[in-house]
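Got the viewer open and a selection box ready? Let's walk through this one stop by stop.

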Amino acid sequence: MPDSDPSTTAARAEPDFGSVVMNAHSPREPGIGTVIESSRCTRAKATGFVRHVAIDVSQTKLAGAFRAGQSFGVIPDGAGADGKPHKVRLYSIASPSQGEDGAGNVLATTVKRTIDEHWNDHRLFYGMASNWLCDLQIGDQVRVTGPVGKRFLLPTDQAGHRYLFLATGTGIAPFRGMVMELLAANHSADITLIVGVPYATELMYDEQLRALEAKHSGFRYLTAISRHEQDDGGGPMYLDGRLSRHADAFRELLADQRTLVYLCGLAGMEIGVYLRLAELVGPDGLTGYLHAADGDLGDLGQWDAATIRKQVRPGPRLMAEVY
Ligand SMILES: Cc1cc2nc3c(=O)[nH]c(=O)nc-3n(C[C@H](O)[C@H](O)[C@H](O)COP(=O)(O)OP(=O)(O)OC[C@H]3O[C@@H](n4cnc5c(N)ncnc54)[C@H](O)[C@@H]3O)c2cc1C
């Protein structure tokens, strides 16, 4: 286990994320990428449809310009019922900074088809961009923008940190890229990834992540299945339940000043995670991860969803991207 001497790094300070390119292509001047792969990344019988879509951006200004953790924009072809062109939608880059091809010319994302009954008339509701993107065939062109994102990034001193990645649903996307990047640079990088999904069939990149875990002793891949029992015993649990289940190990990890926590996924997930962080590290340890909008985190025992939304913000060692 690595030592936890705070003097080894500028512990409580915000990590240096290095330089980052933003909006090499704006929505007014998108680049044109080409789809080179589209494959299902959930198992058969999953309740939703999620695709891994890889796009060749070599003819755009995104080539070599994006970093793991950033997002890029997609502008679907055509126009809405009102005749106006479709607006840009953001998708997390699921690739390492070196891209799928190792040269920054191909980026991938993890797209979930938005499908529901319409709120108003219960007719089938198809999200515009997600279904358009998932329908694209190999060789089809796609208008791309970005990259965007200045803080949800790996630090420049990658080897100087330990990592706790927390994902729900397609929030796995940036972590796939980050895990690949960290392990390629350092065989024994210290990474814990926890993925929360409703059913095991919805786990994305599960085989790839299990293979990486088998190969790299410093990489731990844990799942939290909310609607049935866990593989390793225990009842249904949300992602934060997994933190409690291994409380001693997470207390040690979180107390280490080198640890960086990242969370990505559905808006609302941060509430359970923040409550659990507070329980695990207590008021003193919490300052690196969370701070209060008005400077006072108050009585942690009294936190509820409304207080957290209003009062609690990511601190220097916590990066959050929820949508
Ligand atoms: C930084 C960032 C990163 C993201 N990364 C990813 C990613 O990696 N993968 C991913 O899949 N998504 C990601 N998203 C979400 C993505 O941008 C889109 O919002 C999502 O794909 C839905 O877009 P859409 O065009 O398909 O749906 P839209 O056509 O935009 O429809 C969704 C909208 O329709 C409305 N709506 C929803 N349900 C109903 C209903 N039942 N009846 C009526 N109206 C309804 C809501 O207002 C909702 O906002 C990310 C978003 C952000 C901000």
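Start with the seam: domain 1 and domain 2 bury about 1,800 Å² between them, and 51% of that is on carbon and sulfur atoms. Keep in mind as you click around that this is a predicted model.

**Stop 1: the two domains.** Colour 31-148 as domain 1 and 151-322 as domain 2, following the domain assignment of the protein chain. Their C-alpha centres lie 25 Å apart. Domain 1 puts 26 residues into the contact, and domain 2 puts in 20.

**Stop 2: across the interface.** How many salt bridges does the rule find across the interface of domain 1 and domain 2? There are 2. Now select R176 and E100: these two form a salt bridge, with the closest N and O atoms 2.9 Å apart. Turn on polar contacts as well, since the interface of domain 1 and domain 2 also has 10 residue pairs of that kind, with both residues at pLDDT 80 or more.

Next, show just the side of domain 1 that touches domain 2. The elements giving two or more residues to that side are β2 (50-56) and β5 (106-112). β5 gives the most, with 3 residues. Colour that side of domain 1 by class and you should get 8 nonpolar, 13 polar and 5 charged residues.

**Stop 3: an aromatic pair.** A search of the whole structure turns up 6 aromatic pairs. Pick out F165 and F175, which are stacked: 4.8 Å centre to centre, with 15 degrees between the planes. F165 sits in strand β9 (residues 162-168) and F175 in helix α2 (residues 172-185), so this pair ties together parts 10 residues apart in sequence.

**Stop 4: a salt bridge to follow.** Over the whole structure, the search finds 17 salt bridges. For one of them, select D190 and R220, whose side chains meet at 2.8 Å, N to O. What does this pair tie together? D190 is in the loop between α2 and β10 (191-197), while R220 belongs to strand β11 (residues 219-225), so the link joins parts that are 30 residues apart in sequence.

**Stop 5: backbone oddities.** Before the last two selections, a reminder: most residues other than glycine have a negative phi, and most peptide bonds are trans. Now zoom to G146 and P147, which are joined by a cis peptide bond with omega of about 5 degrees. P147 lies in strand β8 (residues 141-148).

Finish at H122. Is its phi positive or negative? Phi of H122 is positive, near 55 degrees, in a residue other than glycine. You'll find H122 in the loop between β6 (115-117) and β7 (124-126).

Conventions: Residues numbered from 1 in each chain as written. Predicted model: local features only at pLDDT ≥ 70, side-chain atom pairs only at ≥ 80, totals over all residues. Heavy atoms only, no water. Domains from an automatic or database assignment. Contact = heavy atoms within 4.5 Å. Buried area = accessible area lost by both parts, 1.4 Å probe. Salt bridge = Lys/Arg side-chain N within 4 Å of Asp/Glu carboxyl O. Polar contact = N/O pair within 3.5 Å; in protein donor to acceptor, adjacent residues only side chain to side chain. Helix = DSSP H or I, 4+ residues; strand = E, 2+ residues; numbered from the N terminus. Nonpolar A, V, L, I, M, F, W, Y, C, P; charged D, E, K, R; others polar. Phe/Tyr/Trp six-rings, centres within 6.5 Å; stacked < 30°, edge-to-face > 60°.
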